[in-house]
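Please take a moment to look over the structure shown here before reading on. The paragraphs after it lead from the whole chain to a few chosen places.

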Amino acid sequence: MKVALSTRGLAGLLLVLALAALTLLSAGAPRAAAETRVSTIAAALRESPVYVDPAASAQLSQPDARALRKKIEDAGKPLFVAVLPAGYPTENLFTDLRTATGVTGLYAIRLGDRFDARADSSVLPTAAVRNLVTSVQGESDATVQLNDFTDRALANMGGSAPTSWGSPDSGGGVSTAGLVTAGVLVAVGGAGAYTLVRRSRRRHAQEQRAALERLRVVVDEDITAFGEELDRLDFHPAEPGADDAMRGDYEHALDAYEKAKSYMADATGPQDVRPVTEVLEDGRFTLARLAARRAGEPLPERRPPCFFDPRHGPSVADAAWTPPGGAAREVPVCAADRTRLADGRDPVVREVDTDYGRRPYWEAGPAYGPWAGGYFGGGLLPGLLVGTMLGGLMATPSYASDYGSGYGDFGGGYEGGDVSGADFDTGSFGDFGGGGGGDFGGGGDFGGGF
């Protein structure tokens with residue numbers, strides 16, 4: 001009897017120890033599971049641009065996920081979308097996912113009813129990502145939110161899809177009969193096609209010349225305004241107090257003025273306007289620096305010109321602004337426009353002639369892309385022009401063929417979809433929203449700071 005009791009006591013002790021061991025193991029399970037799931041998500045995103053966690057399948061149905069996946073694949077851009085359940089650990093999620101995926105791109109995550117995104121700066125500048133995220137915050141329906149974000153992101157981001165996504169199936173070989181038939185059709189239609197191409201080229205050249213002449217009026221106004229600024233400065237290299245730094249700034253500004261006139265005289269199409277506004281922007285900053293030297297003030301920070309009208313000169317700060325019918329974004333503003341916005345008044349906007357009367361330049365024709373690109377290059381334009389007519393035009397492939405690429409890095413100068421592994425700059429990858437290193441707003445605060 002004692003033996004039986006001892007056996008039962010030993011069995012009970014073993015059961016208690018086993019339960020205790022399971023409890024200890026389960027206590028460490030969530031972190032391990034989270035790490036495993038990041039690897040799982042990353043593996044899935046290397047094969048396809050959209051991942052929906054099984055626990056979050058109610059947020060995005062399979063048909064909607066397939067449609068979103070096809071949209072991204074058809075665009076050929078390195079956009080990665082993950083739909084995760086509420087409560088998923090957010091600390092370092094973006095950085096961990098980007099590291100595990102190892103592919104340069106734009107990463108968007110819907111987590112429960114919250115949404116955020118991060119990008120490598122070579123794909124989309126931080127300011128542009130912030131503005132895109134802000135534009136879809138508050139949309140409760142996951143399908144609507146993800147599609148809106150995707151549409152706007154694809155229109156503004158650069159880079160190309162990773163090769164690991166594969167390529168569409170060609171559907172088999174082409175028969176010899178098909179090739180012969182195609183050859184006959186090409187031969188028969190060749191003369192007619194040649195005529196159509198010549199006619200199209202002539203029409204395109206006429207449109208480009210007309211666009212340049214309309215744009216020339218605006219650029220000439222810019223050059224004249226810059227010349228007037230030079231006159232108002234009334235600087236003389238031999239004046240009392242002038243030093244070599246001041247004289248150097250003045251010479252640089254004069255050179256910019258002469259270059260702008262020369263570049264515009266040689267322009268043969270709208271795409272040739274960008275160098276003109278580039279030197280005007282540089283010249284205006286040089287004048288601001290010269291004015292500070294003469295007044296004995298600290299030299300100004302190098303900032304882009306005022307978004308509302310580059311003739312206002314270098315901006316002094318970024319301010320929130322919402323275009324009619326658009327989403328809020330931060331734009332560089334001059335001191336006067338910053339005051340107007342703070343007082344609830346409208347900024348003084350550069351308007352140009354269009355077929356529909358005087359309109360802000362971002363609502364004018366596509367020829368204003370090169371003009372704006374010279375003023376706001378270096379990746380700034382995508383964030384500024386999100387949702388505007390000009391922003392949408394500049395993001396299309398046909399625009400690049402007509403007006404050139406790279407106006408503010410719209411579709412130009414981007415590198416995306418390449419495999420970099422863990423070798424990427426975590427500081428530039430999503431360092432906004434109050435956080436760094438890819439955190440959701442810092443310290444796991446998903447979407448913080450917006």
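What follows is a walk through this model, from overall counts to single residues.

The model is a predicted one, and every value given here was computed from it. The protein contains 14 helices and 8 strands, and of its 450 residues, 42% are buried. When contacts between residues at least 6 apart in sequence are considered, 67% of them join residues that are at least 24 apart.

A place to begin among the helices is H4, which covers residues 93-101 and whose buried residues are Leu 93, Phe 94, Thr 95, Leu 97, Arg 98 and Thr 101. Just after H4 comes Gly 102, which takes a positive phi of about 75°.

Further along the chain, helix H5 spans residues 126-136 and includes Asn 131. Is Asn 131 buried or exposed? Its relative accessibility is 6%, and because buried means under 20% relative accessible area, Asn 131 counts as buried. The side chain of Asn 131 also makes a link to another part of the sequence, since it reaches the backbone nitrogen of Glu 330 at a distance of 3.5 Å.

The next residue to find is Arg 152, which is placed in helix H6, made up of residues 142-156. With a relative accessible area of 29%, Arg 152 is partly exposed, a label that applies because this value lies between the cut-offs of 20% and 50%. Leaving aside residues up to four places away in sequence, Arg 152 touches Leu 132, Ser 135 and Val 136. For one of these, Leu 132, the C-alpha atom is separated from that of Arg 152 by 7.1 Å, although the two residues are 20 residues apart along the chain.

The last stop is a pair of packed helices. Two helices that pack together are described by the angle between their axes and by the distance between those axes. Helix H9, residues 274-295, and helix H11, residues 368-375, pack at an angle of about 30°, and their axes are 7 Å apart. Because angles under 35 degrees count as roughly parallel, H9 is roughly parallel to H11. The crossing of the helices H9 and H11 is right-handed.

Which residues meet where H9 and H11 pack? From H9 come Arg 274, Thr 277, Glu 278, Leu 280, Glu 281 and Arg 284, and these meet Pro 370, Trp 371, Gly 373, Gly 374 and Tyr 375 of H11. Sorted by character, the residues of this contact of H9 with H11 divide into 4 nonpolar, 3 polar and 4 charged.

Terms used
Residues are numbered from 1 along each chain as its sequence is written. This is a predicted model: local features need pLDDT of at least 70, side-chain atom pairs count only at pLDDT 80 or more; totals for chains, interfaces and linings use all residues. Side-chain values use heavy atoms; hydrogens and water are left out. Helices (H or I, at least four residues) and strands (E, at least two) are DSSP runs, numbered from the N terminus. Buried means under 20% relative accessible area, exposed over 50%, partly exposed in between (1.4 Å probe, protein chains only). A polar contact is a pair of N or O atoms within 3.5 Å; within protein, one must be able to donate a hydrogen and the other to accept it, and residues adjacent in sequence count only if both atoms are side-chain atoms. Axes are lines fitted to C-alpha atoms, for helices over the stretch in contact, and angles run from 0 to 180 degrees between N-to-C directions. Angles under 35 degrees count as roughly parallel, over 145 as roughly antiparallel, 65 to 115 as roughly perpendicular and the rest as oblique. A crossing is left-handed if the near helix is turned anticlockwise from the far one by less than a right angle, and right-handed if clockwise. Contact means heavy atoms within 4.5 Å. Ala, Val, Leu, Ile, Met, Phe, Trp, Tyr, Cys and Pro count as nonpolar, Asp, Glu, Lys and Arg as charged, and the others, Gly among them, as polar.
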